[in-house]
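Welcome! Please have a look at the sequence and the structure below, and then read on for a short tour of how the parts meet.

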Amino acid sequence: MADQKTGDQIPVAATDISWEVRNGVTRAADVLERYLAEIERRDDDVHAFNLVLVDEARARAAEIDDNVVMGRVLGSLAGVPVALKDNMCTRGIPTTCSSRILDGWKPPYDATIVTKLRDAGAVIIGKTNLDEFAMGSSTENSAFGATHNPHDLTRVPGGSSGGSAAAVAAGFAPVSLGSDTGGSIRQPAALCGVVGVKPTYGAVSRLGLIAFASSLDQIGPMANNVADSALLLEAVSGHDPLDSTSIQQGPLEISKQLDWGVAGLRVGRITDLPEGASPDVNERLEVAFDALRAAGAEIVDVEVPAFTYGLTAYYLIAPAEASSNLARYDGVRFGLRIDAPDTNAMYLATRTEGFGDEVKRRIMLGTYALSAGYYDAYYGRALKVRRRIALDFAQAYEKVDVLLTPASPTVAFRMGDKTTDPMSMYLCDTYTIPSNLTGDPGMSVPFGTGESGLPVGVQVLAPALKEDVMFRTAAELERSMS
Amino acid sequence: MSDRPVDAELWTLRGYELVVGLEVHVELLTRTKLFSGSPNHFGDAPNTNIDPVSLGLPGALPVLNRQAVELAMRLGLALNCTIQRSTFARKNYFYPDMPKAYQISQYDEPISVDGWLDLPSGFRVGIERGHLEEDTGKSTHIGGSGGRIHGSDHSLIDFNRAGVPLVEIVSRPDIRTPEQAKSYVSELRAILIAVGASDAKMEEGSMRVDANVSVRLPGAELGTRCEIKNLNSIRSVGRAIEYEAQRQVGMIDAGENIRQETRHWDENDGRTHTLRSKEDADDYRYFQEPDLVVVDPDAGWIAQVRSSLPVLPAARRQRLADLTALQPDAEAVLVVTERGQDEYVLSVAQAGGDAGRALVHVKEAFAEQGDDPLVPAADLAKLTNLEIDGALTATQAKQVLAEIVAGNGGDAAAIAASKGFEAMDDSELESMVDDAISSQADAWMKFCAGDGKAMGALVGAVMKASKGQADGKAVTAILNERRENS
C-alpha cells in the first residue's frame, strides 16, 4: 500500500494518476481527496457542479485501492476522477440537464460511457452544470444558476459544457466529459483554456446521453492536456450495439501517435472562412500556422464555400430535432408534473413551468420548421445545405489532412453580455458548427492568451475517423507552447 | 386469376358505386418489441414488459428488431409487394399513452410497396404499401362516460403494448362491395397466419381494421371519404361499410356535402359517429428518425425469405379446386382450406382415394379436427373407394365415417360388414323397384306421364323396403330404364 499523499505529491495529469494508482505509487483515495478539497474550497464561486458525488466517489476510490492491493488488473483510467456533464444518465443518481422539468428524476440505467468509465477504473466525481438541455454557449441558461469562468469569475465559461470545462480549468477534476451538438465542448474548452474534443459522430455511444439534437450530439473528452483527452476518448469510444448510429469498429487508437509530429502533414487555411473573429483570436491562429510550419507541416489554402451557411442550417436542424426530442417531457411518466384540470392543460402547465426561455424558443423554432407547409422551405432546405457543407469539406480534405480555425470568435465574454440577444449568442458557434453537420471530428487546443490575458483556443478539424492525425496536430501545437 | 369475370352483381345504392380502401394494422409475432428487448406478449400484468425505450425515458435509444423486419418482409412478399430500401420517421403528437410523444413509423419510404391480394372470388385488390411502426401503450379511462379520456376522473396506462411491432397494410381503393371488404380482411388474416407474421386476432386487437369509405356515380371522380375506426370483427367491417355508404348516399341525395372526417363505428347502435373532422387533424411534423439507420435488405436476404414462404391460401385453394374439379371459391374448398385440412385431402388422394368424396367428408365430419386430423389418410381413401365402386351408398358411407372418426381410424370395409352394409346385388334391387312400381301404381303412372315429382314416392318406397341401404342413384337409373322400356 502506498503511503498517504497530499497536494503537490499527487500528479495532475490523468495519464500519470492512472499509472501511479495501478502501480501502487499513489492511492485513488488520496487523488480523490485532493480534488474534493479543491471543489470544497472553490466551487461555491465557480459553480461547475450540479452534484458532487462525495460518498459514491469515496466508495469507488476505496474499491479501486482494494483492487490494487489484491493485484487485480485495472483499466487505463484507474483512480482518475472524471466529471460528467449532467445530461449523461447515471443509475440512481439525479440527472437533470440543468432543467426543472427533470425534477426528482433518477435514471434506472447507466449511459454506455458510464459503464465504460467504470470498466476503465475511473471515479465519477460529480455531475456538471450546463445550459439547459445543452442549449446555449455560456452556461447561463441553467435552472440551477450560471457557471463562472475560473480564469475570471465575472466571465462565462462558455457552453453548453461550461461546467465540465470549468471543472477541469479550476482543478476540480483532471478530466471531464462534455457533449457537443454545435460546439458545446470546443467553445467552452477554448474559453476555459482546456482541451476539448468532439469526436467523429458515432465514435462514442449516445446511449444514455439525453438528446438535444440526435443527428448532431456527440460525447467527448475535456482535459488539461492533449494526452489526457486522448486517454479518455480511447476509454469511452468504440461500437455500442445499443446505439444504432454507433460506428462498427473498436475504440479509437490515438495515444501511440501523439509524438509523431506534423512533418509532411498538409494543414489547411480556409480562405473564405466567415468573418467575425476578434483580432486577438486571429493573431493566435496565425501563430499556430507558423508553429506547425516550423514543425514541418505544409500550409495549404483551401476554400469551403458552404462553411458560412452552417450556422443557418444548424439553427433549423437542431431545433427541429430538439422539438421532437423534448416532447417526451410531458409530466406523464417522470420528472416535473404541474397538475391541471385536464391532460392538455397539464402538459401546458408542466412544460411552461419546467422549461426555460431558451429551450422554449428552440422548441417553437423547431416546431415551426417542421410544420406542414414550411418543411420544404426550412427543414428540407437545411438538410440540402447540410449535404452541401459535407461535400465542400470532402473536397477540401482531398487537398489537406487537417484544417485550422478559431474555436471561438472571442475570448470569454462577460456574464450577461449576450443573454438578451440570442443571435449574438448563436454566433459563438460559427466555427464549430460545421463539423457537427458533417459528423467529422474537431478539437480545441489552448493556444496562449488574448484580450485581458484570457485563454484562446485553436480548433483543429479533420475528416471522419482521422482523430489520430487531428490529435498529432493538436499535440504539436501544445508542444510549441511549452 | 384477376381477368376472370367476378362479382357479376355489383353493389350499387341508388345508382352510386361504393369505393373502399382498407388500412389494416397487425401486431407481429416477434419475441421482443420493435426497438427494445422487452417481451412482446399479450395479456401480462400491466407495466411488466417495459424498459427505458418502451417508456421513452431520457437517453434511451431504439435498436431495430431484425425478426420484425423479416416478418414484415414475409408479409410483403406474400402480398406480392416489392421489398425496398426503407427508412423510419417520427410522427409527432402528444398523447399520454405515446411515451416519446412521437411514434416511430415508416413514412415516405416503407419496406413493402406495390403488391396485390386476390380474393377467393378472383377479384384483385391492390396493395399500396406495408410499413413497419411501433404500437402505443393502452389507456384505460376511469370515471366519466363511455371510457373516453374526455370527462374521465383519471386514466391508467399500460405500456406493455408500447413498442410492439406493427405492420400497417394499406390497400388501394379497389374494393367495391361490403362483401369484398369482408373477404379481403378474411383473406389477409389467412395469409398473416399462414406466413407466421401475426396471430391476427381481431378480438385481442392484434389485427385492427380502418376503412376509408366514399361513394360516387360510376366513372366519376372519387368522392370525399370518411375513415371508419373501431371495426373489431369481420362482421362489423361489412356492417359499418354498408351503413356508411347508406349515410353518404343519403346526404348526397339530400343535397348535403360529405365532410372528410374520422368516424367511430358503434357496434351497439349500428351507426358511425363523428370522431374528429379533418380540420382538427394533427400536423404530425414527420421527419426522418435520426436515431435509426436505413433498412436496406440485400437481394440474398430477400431471396432467402421468399424461398421460406409456405404455400399461400390462394394457391392451396387452387390446388384443391384443381384436384376436385370445383371452383376455388366453392364453399367446401374455402372451409376446408381455412381449417388447414386441404393438405389432408391431398394426402387422401395420394393414398389412392377420391378427392371429391374426401373433400365432402372432411368438410362435413372433420370440423372438430385440427389441421392434422387423426384419421389415417389411407382409411378415408378406402372409404371413398367403396363409395365410388358402389359398394357403399352415400348414407352408408356417412355412418361408416362416423365410426372411423370416433375411433380415430378404422377399416371401412370391416366396419361396413359389421353394420351389415352388404352391397345389394342388382337383381335384388331390381325386384325391390318392381315391388315399388306395383305398390305405388298411381305414382308410377304419373312418373311415366312425365311428372318428375312422382319419382320421390317410388324411390322412397325402395328406401323404406331396403331400410335405407339402397343406392338412390341406382334406384333412379332402374326406374328410368323401366319407363323407357314400358
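This report goes through the domains and then the contacts between them and between the chains. Please keep in mind that the model is predicted.

**Inside chain A**

Chain A is split into domain 1 (7-248) and domain 2 (258-312 + 377-481). Their centres, taken over C-alpha atoms, are 24 Å apart. Domain 1 of chain A brings 37 residues to this contact, and domain 2 of chain A brings 37 residues. On the side of domain 1 of chain A that touches domain 2 of chain A, two or more residues come from each of α6 (186-192), β5 (195-198) and α7 (226-236) of chain A. The largest share there belongs to α6(A), with 6 residues.

**Inside chain B**

Chain B has three assigned parts: domain 1 (12-307), domain 2 (313-418) and domain 3 (426-485). Between the centres of domain 2 of chain B and domain 3 of chain B lie 30 Å, taken over C-alpha atoms. Their contact involves 4 residues of domain 2 of chain B and 5 residues of domain 3 of chain B.

**Between the chains**

Where chains A and B meet, chain A contributes 33 residues and chain B 26 residues. On chain A's side, α9 (310-325), α10 (343-354) and α11 (357-370) each give at least two residues, and α9(A) has the largest share with 3 residues.

**Make-up of three contact sides**

| Side | Nonpolar | Polar | Charged |
|---|---|---|---|
| Domain 1 of chain A, touching domain 2 of chain A | 16 residues | 15 residues | 6 residues |
| Chain A, touching chain B | 18 residues | 9 residues | 6 residues |
| Domain 2 of chain B, touching domain 3 of chain B | no residues | 4 residues | no residues |

Definitions and conventions
Residues are numbered from 1 along each chain as its sequence is written. Chains are lettered from A and ligands numbered from 1 in the order in which they are written. This is a predicted model: local features need pLDDT of at least 70, side-chain atom pairs count only at pLDDT 80 or more; totals for chains, interfaces and linings use all residues. Domain bounds come from an automatic or database domain assignment. Two residues are in contact if their C-beta atoms, placed from the backbone, lie within 7 Å. Ala, Val, Leu, Ile, Met, Phe, Trp, Tyr, Cys and Pro count as nonpolar, Asp, Glu, Lys and Arg as charged, and the others, Gly among them, as polar. Helices (H or I, at least four residues) and strands (E, at least two) are DSSP runs, numbered from the N terminus.
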